[in-house]
Amino acid sequence: AAGGVVVDYHSCDLFPERWFDLVVVLTCDNSELFDRLKARGYSEKKISKNVECEIFQTLVEEARDAYAEDVVRVCASNSIEDMEANEHSIVEWIAQYKP
């Protein structure tokens, strides 16, 4: 495969482990997540489901169950600074990556 592909998706159940060298799971403080989703106009049901998933770390656990430990990176995404740090970390990972 050619590689160099980024996939943005909210579940691990569609993709085989062999497809990915890095899986990034972004997490967020529940109150921050609530505020973000409310500002986007999400329904109360959708907000509740997303916050519940964050509380129980559903996506983190799904990623850890589906992929090797060294492939999964969990990154807090509570602030612009967190997001910039995550971007920097991923860019560094890409720069040093050797298939």
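## Starting at Ser 77

Let's jump straight in at one spot: setting aside neighbours within four places in sequence, Ser 77 is in contact with Leu 26, Thr 27, Cys 28, Arg 36, Asp 82, Met 83 and Asn 86. You'll find Ser 77 in the loop between β2 and α4, the helix that covers residues 80-96. Keep in mind as you look around that this is a predicted model.

Is Ser 77 buried or exposed? Its relative accessible area is 8%, so Ser 77 is buried.

## The whole chain

Now zoom out. The chain has 99 residues, and buried ones make up 21% of them. Its secondary structure comes to four helices and two strands. If you walk along the sequence, you meet them in the pattern β-α-α-α-β-α.

Here are a few numbers for the chain as a whole. The C-alpha trace spans about 45 × 30 × 20 Å along its principal axes. The accessible surface is about 7500 Å², and carbon and sulfur atoms account for 53% of that. As for charge, there are 10 positive and 20 negative side chains, and the centres of the two sets are 5 Å apart. Take the contacts between residues at least 6 apart in sequence: 67% of them join residues at least 24 apart.

## Two strands side by side

Strand β1 takes in residues 23-27, and strand β2 takes in residues 72-76. The two run parallel, with five bridges joining them. To see the pairing for yourself, find Val 25, which stands opposite Val 74 in β2.

Which residues form the covered face of β1? They are Val 23, Val 25 and Thr 27, while Val 24 and Leu 26 make up the uncovered face. There's a handy general rule here: in a regular strand, side chains alternate between the two faces of the sheet.

## Cys 75 in strand β2

Cys 75 sits in strand β2. With a relative accessible area of 7%, Cys 75 counts as buried, because the cut-off for that label is under 20%.

What does Cys 75 touch, once neighbours within four places in sequence are set aside? The answer is Val 24, Val 25, Leu 26, Thr 27 and Asn 86. Take Val 24 from that list: along the chain, Cys 75 and Val 24 are 51 residues apart, yet their C-alpha atoms are separated by 7.0 Å.

## The nonpolar cores

How many residues make up the largest nonpolar core? There are nine: Cys 12, Phe 20, Val 23, Val 25, Val 60, Ala 63, Tyr 67, Val 71 and Val 72. Strand β1 and helix α3 (58-66) each supply at least two residues of this core. A second, separate core has five residues, among them Cys 28, Leu 33, Leu 37 and Val 51.

Cys 12 is a good member of the largest core to click on. Apart from its neighbours within four places in sequence, Cys 12 is in contact with Glu 62, Ala 63, Ala 66 and Tyr 67.

## Asp 82, Gln 57 and Tyr 9

Asp 82 lies in helix α4. At a relative accessible area of 24%, Asp 82 is partly exposed. Not counting residues up to four places away in sequence, Asp 82 touches Ala 76 and Ser 77, which brings us back to where we began. For a longer stretch, look from Asp 82 to Ala 68: they are 14 residues apart along the chain, and their C-alpha atoms are separated by 24 Å.

Gln 57 is in the loop between α2 (44-55) and α3. Its phi is near 55 degrees, a positive value in a residue other than glycine. Gln 57 is partly exposed, with a relative accessible area of 29%. Last up is Tyr 9, in the segment before β1. Tyr 9 is partly exposed too, at 46% relative accessibility. Leaving out residues up to four places away in sequence, Tyr 9 touches Leu 14 and Phe 15. The C-alpha atoms of Tyr 9 and Val 25 are separated by 10.0 Å, with the two residues 16 apart along the chain.

Key. Residues numbered from 1 in each chain as written. Predicted model: local features only at pLDDT ≥ 70, side-chain atom pairs only at ≥ 80, totals over all residues. Heavy atoms only, no water. Buried < 20%, exposed > 50% of the residue type's maximum accessible area, 1.4 Å probe, protein only. Pairing = 2+ DSSP bridges. Core = buried A, V, L, I, M, F, W, Y, C linked by side-chain atoms within 4.5 Å. Contact = heavy atoms within 4.5 Å. Areas by Shrake-Rupley, 256 points an atom, 1.4 Å probe, with all protein chains shown as cover. Lys, Arg positive; Asp, Glu negative; His and termini not counted. Charge placed at Lys NZ, Arg CZ, Asp CG, Glu CD.
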